[in-house]
Amino acid sequence: MNRPLDAGTPAKFRVDRLVDVLVPTRNRPTELAVTLSGLAAQEGVPGFGVVVSDQSDGEPGYLHPAAATMVRALRHRGHPVLLTRRLPRRGLAEHRSFLLDASAARYVLFLDDDVWLEPGTLHRLVTAIGELGCGFVGNGVHGLSYLDDVRPHTHRHYREWTGRPVPERVRPETPEWDRAQIHSAANLLHVTASLGLADGDWRAYRVSWVGGCVLYDRAKLLDSGGFDFWRRVPTRHQGEDVAAQLAVLARHGGAGVLPSGAYHLESPTTVTERDVEAWQVVLAEPDAPTSG
């Protein structure tokens with residue numbers, strides 16, 4: 001029988017540390033448990049914090065015995081965990097803004113509740129953003145059911161950064177926008193295999209955006225507006241992560257990182273009301289960010 005789970009308090013959690021992992025979740029107790037298990041197995045980044053913010057229709061997913069055990073495992077391994085609820089729901093962007101406000105860390109990893117991270121992933125991302133000095137780095141997620149579906153026509157969108165990433169203005173109907181195709185299916189696994197990287201090596205490459213697993217320099221994300229645009233978009237939207245990353249790209253640059261250690265659980269979405277792309281609303285505004 002599970003004993004009551006301590007939720008933690010925002011005041012005690014929000015302290016200066018290197019990394020916080022921010023996990024928004026809704027109606028996914030099983031997937032959340034898998035996501036938290038991946039975090040509990042991370043090494044090389046001591047003391048990172050975790051915030052789980054739940055918007056489930058019923059009881060929060062972190063009360064499921066499997067998820068609760070992973071919360072306890074994280075704490076046992078020295079990682080502070082804050083468990084919160086954010087209701088009523090005001091849209092994906094507002095939820096991410098709430099999570100961002102819960103952290104005072106130098107770097108924040110937005111990790112979706114249906115992504116498992118293999119050991120070493122967080123350390124590699126933190127190493128990359130420290131060396132690259134850009135606004136964000138990300139791991140595109142692998143869909144392993146597509147492992148035998150090789151799509152060489154997408155591999156042409158892979159272009160490495162030869163130095164530090166620079167600010168870029170990425171917009172629809174441009175070659176830069178088409179970079180997103182590299183993140184479909186299992187394309188990144190196929191590209192990575194072709195590189196023949198030695199153990200411990202990694203590469204930074206040009207992106208339009210990255211979904212599911214993105215590590216931001218928190219100050220640079222806030223400088224680019226964060227997710228404050230949630231007040232200007234309808235509640236029933238998607239693409240809020242795209243909107244935020246386009247703004248960060250324009251001011252501070254960003255990169256994808258190979259190899260990716262992020263694996264998509266390929267569960268059905270719990271966001272079924274997607275009437276508006278948030279990035280379309282934000283880009284249509286007269287003060288949409290430009291590079292430089």
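Contact here means heavy atoms within 4.5 Å. In this predicted model, L215 touches V19, Y107, V108, L109, L125, V126, I129, G135, F136 and V137, leaving aside residues up to four places away in sequence. Two of these partners, L109 and V137, recur with L215 among the residues that have the most contacts inside the largest nonpolar core; L36, L39, V50 and L111 complete that group. The core has 43 residues, and helix α5 gives the most to it, with 6 residues. Apart from it lies another core, of 36 residues, which includes F136, W177, F229 and A243.

Helix α5 spans residues 121–132 and has 12 residues. From its first C-alpha to its last it reaches 16 Å, close to the 16 Å expected at 1.5 Å a residue. Buried positions in α5 are T121, L122, R124, L125, V126, A128, I129 and L132. An α-helix has 3.6 residues a turn, so residues three or four places apart point the same way. Among the buried residues of α5, L125, V126 and I129 are contacts of L215. Just after the helix, G133 takes a positive phi of about 65 degrees.

A further set of contacts involves helix α7 (residues 187–195), in which L189 lies. Not counting residues up to four places away in sequence, L189 touches H142, L144, L147 and Y263. The C-alpha atoms of L189 and G140 are 9.9 Å apart in space, while the two residues are 49 residues apart in sequence.

The largest pocket has a volume of about 1300 Å³. Its lining comprises 45 residues, and those closest to the pocket centre are D112, D241, T269, V271 and R274. Two or more lining residues come from each of the elements β1 (19–25), α4 (92–101), β9 (237–238) and α9 (240–252). By class, the lining divides into 10 nonpolar, 20 polar and 15 charged residues.

Several backbone features depart from the common pattern. Most residues other than glycine have a negative phi, and most peptide bonds are trans. A cis peptide bond joins L87 and P88, with omega of about 0 degrees; P88 is placed in the loop between β3 (81–85) and α4. Another cis peptide bond, also with omega of about 0 degrees, joins L258 and P259. The loop that holds P259 runs between β10 (254–258) and β11 (262–264).

Positive phi values also occur in residues other than glycine. For E173, phi is near 65 degrees. This residue is found in the loop between α6 (152–155) and α7, the helix that also contains L189. With a relative accessible area of 81%, E173 is exposed, the cut-off for that class being over 50%. E266 likewise has a positive phi, of about 60 degrees, although it is not a glycine. Its place is in the loop between β11 and β12 (276–277). At 35% relative accessibility, E266 counts as partly exposed.

How values were computed
Residues are numbered from 1 along each chain as its sequence is written. This is a predicted model: local features need pLDDT of at least 70, side-chain atom pairs count only at pLDDT 80 or more; totals for chains, interfaces and linings use all residues. Side-chain values use heavy atoms; hydrogens and water are left out. Helices (H or I, at least four residues) and strands (E, at least two) are DSSP runs, numbered from the N terminus. The expected span of a helix is 1.5 Å times one less than its number of residues. Buried means under 20% relative accessible area, exposed over 50%, partly exposed in between (1.4 Å probe, protein chains only). A nonpolar core is a set of buried Ala, Val, Leu, Ile, Met, Phe, Trp, Tyr and Cys residues joined through side-chain atoms within 4.5 Å. On a 1 Å grid over the protein atoms alone, a cavity is a set of points where a 1.4 Å probe fits but cannot get out, and a pocket is an open set with protein on both sides within 12 Å along at least five of seven lines; lining residues have an atom within 4 Å of a point. Grid points are joined across faces, edges and corners, and a volume is the space filled by probe spheres set on the points. Ala, Val, Leu, Ile, Met, Phe, Trp, Tyr, Cys and Pro count as nonpolar, Asp, Glu, Lys and Arg as charged, and the others, Gly among them, as polar.
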